[in-house]
Amino acid sequence: MRAEGVQIVGVCDVVEQRRKEAKSIVDNNYKNNDCKMYNDFRDILARDDIDAISITTQDHWHALITVAAAKAGKHLIIEKPIAGTPAEALKDADVISTATTSITPVFVQDLCAATRALENARRLELGVPLL
């Protein structure tokens, strides 16, 4: 969570408990209570003092938030996929291509339960047989 010149100043989640947990992690890291909580992503995008956001929502929200953030002039780190369908991706590409900000898609493969299960299967760590 520490990078020179970077500070997390806000967290956003529609689920209150997750919002509070994220704020607590950030505040504990910085040893203060400065992190703001948001229920609506548009409120965090409206802040002039925020240069970049990380979009880690469920996949079906990626395109909507990506386009809104690009229009708001925010730099983005977004988990793949950026869009749910090829048609949605092409439509959003028009907006994204004119953005004056950077958009970095990432693939959080190591956090995916299915990927861990596949790796376990490859190592033949399948668990206890039920027979």
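A salt bridge is a side-chain nitrogen of Lys or Arg within 4 Å of a carboxyl oxygen of Asp or Glu. D27 and K23 meet that test, with their closest N and O atoms 2.6 Å apart. The model discussed here is predicted.

**Salt bridges**

The structure holds 5 salt bridges. Three of them, with N to O distances, are listed here.

| Pair | N to O distance |
|---|---|
| D27 and K23 | 2.6 Å |
| R42 and D40 | 3.0 Å |
| R47 and D49 | 2.6 Å |

D27 and K23 both belong to helix α1; because they are 4 residues apart, about one helical turn separates them. D27 is buried, with a relative accessible area of 5%. K23 is buried too, at 17%. In the R42 pair, D40 is partly exposed, at 24% relative accessibility. R47, the partner of D49, counts as buried at 17% relative accessibility.

**A buried lysine without a partner**

K74 lies in the loop between α3 (62-71) and β4 (75-79). What is the nearest side chain of opposite charge to K74? That side chain is D48, 5.5 Å away. A salt bridge needs the nitrogen within 4 Å of a carboxyl oxygen. K74 is buried yet has no salt bridge.

The K74 side chain does reach a backbone atom: the oxygen of R47, at 2.6 Å. R47 itself is engaged in the salt bridge with D49. Leaving aside neighbours within four places in sequence, K74 is in contact with L45, R47, D48, I50, D51, A69, T101 and S102.

**The sheet and its helix**

An open sheet is built from 3 strands in the order β3-β4-β5, with parallel pairing. Its edge strands are β3 (52-55) and β5 (103-106), each pairing on one side only. Neighbouring strands are turned by 15 degrees against each other on average, direction ignored.

β3 and β4 pair in the parallel sense over 4 bridges. Within β4, I78 is the bridge partner of I55. Helix α3 packs on this sheet and touches β3 and β4. The direction of α3 makes about 170 degrees with that of β4.

**An unusual backbone angle**

Most residues other than glycine have a negative phi. K31 departs from this: its phi is near 55 degrees, a positive value. Where does K31 sit? Its place is in the loop between α1 (16-30) and β2 (36-38). K31 is exposed, with a relative accessible area of 73%. K74, also in a loop, is buried.

How values were computed. Residues are numbered from 1 along each chain as its sequence is written. This is a predicted model: local features need pLDDT of at least 70, side-chain atom pairs count only at pLDDT 80 or more; totals for chains, interfaces and linings use all residues. Side-chain values use heavy atoms; hydrogens and water are left out. Helices (H or I, at least four residues) and strands (E, at least two) are DSSP runs, numbered from the N terminus. Buried means under 20% relative accessible area, exposed over 50%, partly exposed in between (1.4 Å probe, protein chains only). Lys and Arg count as positive and Asp and Glu as negative; His and the chain ends are not counted. A polar contact is a pair of N or O atoms within 3.5 Å; within protein, one must be able to donate a hydrogen and the other to accept it, and residues adjacent in sequence count only if both atoms are side-chain atoms. Contact means heavy atoms within 4.5 Å. Two strands pair if DSSP finds at least two bridges between them. Axes are lines fitted to C-alpha atoms, for helices over the stretch in contact, and angles run from 0 to 180 degrees between N-to-C directions.
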